[in-house]
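User: I should be grateful for a close look at a single part of this protein. Please take one residue as the point of departure and describe its surroundings in a connected account.

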Amino acid sequence: MPLYDYKCPKHGIFHDLATFEESSAPQACPHCQTSSPRIIMIPPEVLAMAPDKRKAMSINEKSRHEPVFSTADSREDQILEHKHTKNCGCSSNKGLLLKHPDRSSLRQQVILMQDGSKVFPSQRPWMISH
């Protein structure tokens, strides 16, 4: 049988064995026999956890039961709703999506030289063209 936690108003927390069916019912305090409700205690490790880690674990737990399916439309909506902070590095991506929703003007430009070689002005100068 599992061990459950209960809290007596006079004597505090105590533990008692109970079946699953009886677990939600109040139990008698071992000292004064007062009917005491069941409590759910949070481990100290969770309380002392860094807020960022607690938030990440909460999101991971939620995503197990409520998965989010990523589509092109949902990603675009997410970018449009995104709130930028001072250190946000995605501002340039948002601008590209808003200015070029069809992305037609973002295609790579190629300049053919007289000798037949190709130059890609949008690429890094140290990259070799094929």
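Analyst: The point of departure is Asp5, which, leaving out residues up to four places away in sequence, touches Phe14, His15, Arg38, Ile39 and Met41. The model described here is predicted. Asp5 is found in strand 1, a strand that covers residues 3–8.

The charge of Asp5 deserves attention. Asp5 is buried yet has no salt bridge. The nearest side chain of opposite charge belongs to Arg38, at 7.1 Å. Because a salt bridge requires a side-chain nitrogen of Lys or Arg within 4 Å of a carboxyl oxygen of Asp or Glu, the 7.1 Å between Asp5 and Arg38 does not qualify. Arg38 is nevertheless among the residues that Asp5 touches.

The side chain of Asp5 does have a polar partner: it makes a polar contact with the side chain of His15, at 2.5 Å. His15 is placed in strand 2, which spans residues 12–17. With neighbours within four places in sequence left aside, the contacts of His15 are Leu3, Tyr4 and Asp5. For one of these, Leu3, the C-alpha atom is separated by 6.4 Å from that of His15, although the two residues are 12 apart along the chain. The polar contact between the side chains of His15 and Asp5 is thus accompanied by contacts of His15 with Leu3 and Tyr4.

Two of the residues named so far, Tyr4 and Phe14, lead to the nonpolar core. The largest such core has 6 residues, namely Tyr4, Tyr6, Cys8, Phe14, Ala18 and Cys29. Strand 1 gives the most to this core, with 3 residues. In soluble globular proteins, nonpolar side chains tend to be buried together. Within the core, Tyr6 and Phe14 are both buried. The structure holds 1 aromatic pair. Tyr6 and Phe14 form this pair, with 5.7 Å from centre to centre and 25 degrees between the planes, and the arrangement is stacked. Phe14 is also one of the residues that Asp5 touches.

A polar residue meets several of the same side chains. Ser23 has its place in the loop between strand 2 and strand 3. It counts as buried because its relative accessibility is 5%, and buried means under 20%. Not counting residues up to four places away in sequence, Ser23 touches Tyr4, Tyr6, Ala18 and Arg38. Tyr4, Tyr6 and Ala18 belong to the largest nonpolar core, while Arg38 is also touched by Asp5. A polar atom of the Ser23 side chain lies 2.8 Å from the backbone oxygen of Phe20.

Two loop residues offer a contrast in exposure. Lys10 lies in the loop between strand 1 and strand 2. It is exposed, with a relative accessible area of 66%. The C-alpha atoms of Lys10 and His31 are separated by 9.4 Å, with their positions 21 residues apart along the chain. Gln33 is found in the loop between strand 3 (27–28) and strand 4 (35–36). Gln33 counts as exposed because its relative accessibility is 56%, and exposed means over 50%. Its phi is near 65 degrees, a positive value in a residue other than glycine.

The wider setting may be given briefly. The protein contains 4 helices and 7 strands, which follow the pattern β-β-β-β-β-α-α-α-α-β-β along the sequence. Of its 130 residues, 9% count as buried, and Asp5 is one of the buried residues. Among contacts between residues at least 6 apart in sequence, 17% join residues at least 24 apart.

How values were computed. Residues numbered from 1 in each chain as written. Predicted model: local features only at pLDDT ≥ 70, side-chain atom pairs only at ≥ 80, totals over all residues. Heavy atoms only, no water. Core = buried A, V, L, I, M, F, W, Y, C linked by side-chain atoms within 4.5 Å. Buried < 20%, exposed > 50% of the residue type's maximum accessible area, 1.4 Å probe, protein only. Lys, Arg positive; Asp, Glu negative; His and termini not counted. Polar contact = N/O pair within 3.5 Å; in protein donor to acceptor, adjacent residues only side chain to side chain. Contact = heavy atoms within 4.5 Å. Phe/Tyr/Trp six-rings, centres within 6.5 Å; stacked < 30°, edge-to-face > 60°.
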